[in-house]
Amino acid sequence: MSKYTNGSSHRNIDRIESISRSPYLNQGTTAPHSIRNALHTSGLMPFAVESVDQQKKRALAQLRSKNTDLEKYIFLAWLRNTNVSLFYRIVIGELEEITPLIYTPTVGTACLEYSHISPFLAPPGIPDGLYLSLNDLPNLTQIIKTYRPYPYDDTLTPQIAVITDGSRILGLGDLGVNGMGIPVGKLQLYVAAAGIDPRRTLPITLDLGTNNEKNLKDEFYLGLRSKRVDDDQFYSFVDAVMKSLLKVYPELLIQFEDFSSEHAFDLLSKYRENTFCFNDDIQGTGAVVLSGFINAVKLVEKDVHPTKHRLLFFGAGSAGVGVAKQLLEFFKVEHGMSEEEAKRLVWLVDTKGLVTLDRGDNLAKHKVYFARDDNDGNQFKTLEEVIEYVKPTALIGLSSTGGVFNEKIINRMAELNKNPIIFPLSNPKVNAECTFEDAMKGTDNRVIFASGTAFPEYTVPETGKTKYPGQGNNMYIFPGLGLGAILAKPKVITDKQIYISASALSTSLTEEEKSLELLYPVVSRIRHVSAQVAAAVIVETVEEGLARDKQIIEMVQNDIEVLKTRKGKEWDNLVKFVQENMWDPDSEKFFNTEELLSKSKM
Ligand SMILES: NC(=O)c1ccc[n+]([C@@H]2O[C@H](COP(=O)([O-])OP(=O)(O)OC[C@H]3O[C@@H](n4cnc5c(N)ncnc54)[C@H](O)[C@@H]3O)[C@@H](O)[C@H]2O)c1
C-alpha cells in the first residue's frame with residue numbers, strides 16, 4: 001500500500017488534499033517539512049524552506065515587475081486565492097502601495113475587464129465570491145449554504161457580506177456581473193484595515209441582467225445576457241436573497257454596495273429598521289466626509305463660525321445626498337441646530353442645475369429632502385451661477401465629472417473664502433472634479449482639501465513647504481464600523497453609530513498629524529484607527545442598549561461615561577481588546593495546520 005492510503009480512509013485523504021489546496025492554510029515555500037509530509041506535498045515544491053520575509057520579498061518583487069496596474073491586480077488576486085496569509089502580509093505591510101491596486105482606482109479597470117480576467121484570478125474550485133442570478137431563485141438557500149470557502153471549522157461562518165447588483169460601479173455605471181470586483185475588493189479592505197477574519201467574509205453579486213450594451217455585446221461577458229429586470233422583480237429578488245442569507249446566517253452583517261441611487265436609498269430604508277445592515281456609499285461616505293469636514297471646520301473656525309457654513313454639493317446621487325444628510329448630524333449634535341436650520345445650510349446641484357422644488361421636473365425621491373424653496377422662482381443652471389447665488393464656504397464634488405472644478409471655479413472659491421473647503425470626491429481619479437495641485441494653485445495654497453482617490457503631495461514653490469491632500473477614503477470608516485458592530489452585535493446599525501464612527505475618526509489624529517494640518521490620519525496607521533472607530537461604535541451600541549454580546553456589555557457598561565470621552569486607561573483597554581480580536585496573518589492561532597489536520601471535521 002502506498003503512503004497515501006496506508007492506514008487512512010479515503011475520506012481522510014480527501015480531507016488532506018482539500019487542506020493542502022486551501023488558500024487559507026497554504027504556507028507555500030515557508031511550510032516546514034513536517035507539514036509538507038503531513039499534507040503529502042513533499043516533492044511538489046523545491047526543497048528549500050524559506051522565511052516569511054524572504055517569501056514576501058519575492059512576491060513583492062514579482063508584483064513590482066508587472067507593467068500595468070491591471071496585471072498587478074491579477075497577480076494579487078491569484079496570490080489571495082492561493083496563499084491568503086502571504087497576500088495579507090503584503091497588503092498590511094505595504095498598505096499605501098497595495099490598496100490602490102486591490103481597490104480604487106485599479107478595481108475600476110478590473111471591473112471593466114472582469115469577464116475577461118476572472119477565470120484567471122483563482123485556481124479551479126476556489127471561488128472569488130458568490131454569484132446569485134435570477135435563475136437561482138428557487139435554490140437560493142441551498143446555494144448560499146454550499147458556498148463554504150473555509151469548510152474545516154463549522155464555527156467560522158460568515159460574519160459580513162458585501163452585496164452589489166453591479167448597477168452603479170464606482171463612477172463607471174452599470175457593469176452587471178462584472179461588478180464582482182467591488183464586494184471582493186471591499187472585503188479585502190475589511191480584513192486589511194480592521195482584521196475581519198477573511199474566512200468569515202462573503203462577497204456577493206446579484207445578477208439581474210445589465211443595461212450596459214457594451215457588456216451585452218461582449219462575447220466574453222459572463223453574466224445574464226438580458227436587460228435589467230423591473231423594480232417589482234428587483235425588490236422581490238433582493239428580498240428573497242436577504243431572507244435566505246439571514247436564514248442560513250442569522251447574525252450576518254450585510255453591507256449594500258454600489259446599487260443605483262434610487263435602489264440604494266430604498267433598500268436602506270426598507271431594511272435598516274429591522275436588519276443588521278448599512279450602505280457604505282450612503283452612510284460610510286457620509287461618515288468619512290463628515291470626519292474630514294469636522295477637522296476642516298476646526299481649521300477655519302477663526303474665520304467662519306461652524307454654524308455659518310454654506311455647503312454646495314455638486315452631484316446629488318446616493319453619495320451626495322448621503323454625505324449631505326450625514327453633515328446635518330454635525331450641526332445638530334455638536335451645535336444644537338434643529339434639522340430644519342441645518343438643512344438650510346445645504347444646496348444640491350445635479351445635471352439640471354440647482355435642485356429646487358419649482359424646477360419643473362419630477363425630482364427623484366432622494367433629492368426632494370434638500371430641494372430649495374427659497375430661490376424666488378430663479379433657476380440656476382450652471383455651477384458658476386449657483387456659486388454666485390450661494391457663495392459657498394465648502395464645495396463638495398460627488399458628480400463623477402472629471403475636471404469640472406476648473407480654474408475659474410477654484411479662483412472664485414478663493415475670492416469668496418480665506419480658506420475655501422474643496423472636496424472633489426468622485427472616483428476614479430479621472431472623475432475627480434479637480435486635482436490637489438489645481439486646487440492649491442488656484443487658491444494661493446489656501447485650500448482645505450480632501451479627495452476621493454489619492455493625489456500626490458504638493459510642494460509650494462515659493463516656500464518649499466510641502467502640503468498634504470486629505471483622502472476622504474471610506475476605508476477609514478467601514479472596516480472599523482463593521483468590526484465594532486460584529487463584536488458588539490447590535491440588532492441594527494443606527495445613525496448615531498455612524499455619527500460616532502465619524503467623530504472617532506476625527507479625534508484619532510496624532511499631535512504630529514494635527515500639526516501638519518491633516519484632515520485624516522496617515523493610511524499606514526489604519527489598523528489602529530479602525531480599532532478606535534470600532535471601540536467608539538461598541539461604546540455607542542452599549543449606550544443605546546442595543547449591544548447583545550454579553551462580554552462587551554459587561555466590559556463597557558460600568559465605565560461608559562469615561563469611555564465616551566475616548567481617553568484614559570479604560571479606553572486604551574477597550575482599544576486593546578478590539579486589537580486582540582483582529583485577524584492577523586502573522587498570528588499562530590489562525591494557522592495551526594497540524595492541529596487542524598488532527599482535529600478538523602468536514
Ligand atoms: N469616499 C469617497 O471618496 C466616495 C464614496 C462614495 C462615492 N464616491 C464617488 O462619488 C461619485 C458619485 O457617486 P454616487 O453614488 O452618488 O453616483 P450617482 O450616479 O448616484 O450620482 C451622481 C450625481 O452627479 C450628478 N451629475 C453627474 N454629472 C453631472 C454634471 N455634469 N453636472 C452636474 N451634476 C452631475 C447626477 O445628476 C447625480 O446626481 C462617484 O464618482 C463615486 O466614486 C466617492
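What follows is a quick walk through the ligand site and a few backbone oddities of this structure. The model is a predicted one.

The ligand is a natural place to start. It takes up the space of the largest pocket, and 24 residues surround it. Arg 168, Ser 261, Ser 400, Gly 472 and Asn 474 are the closest of these. Sorted by class, the shell around the ligand comes out as 16 polar, 6 nonpolar and 2 charged residues. Domain 2 (125–279) and domain 3 (284–459) each supply at least three residues to that shell. Among the elements that contribute, helix α15 (residues 318–335) gives the most, with 3 residues.

Backbone atoms also come into play around the ligand. Gly 472 places a backbone N or O atom 2.7 Å from a nitrogen atom of the ligand, while Ala 319 has a backbone N or O atom 2.8 Å from a ligand oxygen atom. For Thr 351, a polar backbone atom is 3.3 Å from a nitrogen atom of the ligand. On its own the ligand has 860 Å² of accessible area, and the protein covers 83% of that.

Away from the ligand, some backbone geometry is worth a look. Most peptide bonds are trans, and most residues other than glycine have a negative phi. Thr 104 and Pro 105, however, are joined by a cis peptide bond with omega of about 5 degrees; Pro 105 is in the loop between α6 (95–102) and α7 (106–112). Another cis peptide bond links Asn 427 to Pro 428, with omega of about -20 degrees, and Pro 428 lies in the loop between β10 (421–424) and α20 (436–442). Then there is His 40, not a glycine, yet with a positive phi of about 60 degrees. His 40 is found in the loop between α2 (33–38) and α3 (52–65).

How values were computed:
Residues numbered from 1 in each chain as written. Predicted model: local features only at pLDDT ≥ 70, side-chain atom pairs only at ≥ 80, totals over all residues. Heavy atoms only, no water. Near = heavy atom within 4 Å. Polar contact = N/O pair within 3.5 Å; in protein donor to acceptor, adjacent residues only side chain to side chain. Areas by Shrake-Rupley, 256 points an atom, 1.4 Å probe, with all protein chains shown as cover. 1 Å grid on protein atoms, 1.4 Å probe; cavity = no way out; pocket = protein on both sides within 12 Å on 5 of 7 lines; lining within 4 Å. Sits in = over half its atoms within 2 Å of the grid points. Helix = DSSP H or I, 4+ residues; strand = E, 2+ residues; numbered from the N terminus. Nonpolar A, V, L, I, M, F, W, Y, C, P; charged D, E, K, R; others polar. Domains from an automatic or database assignment.
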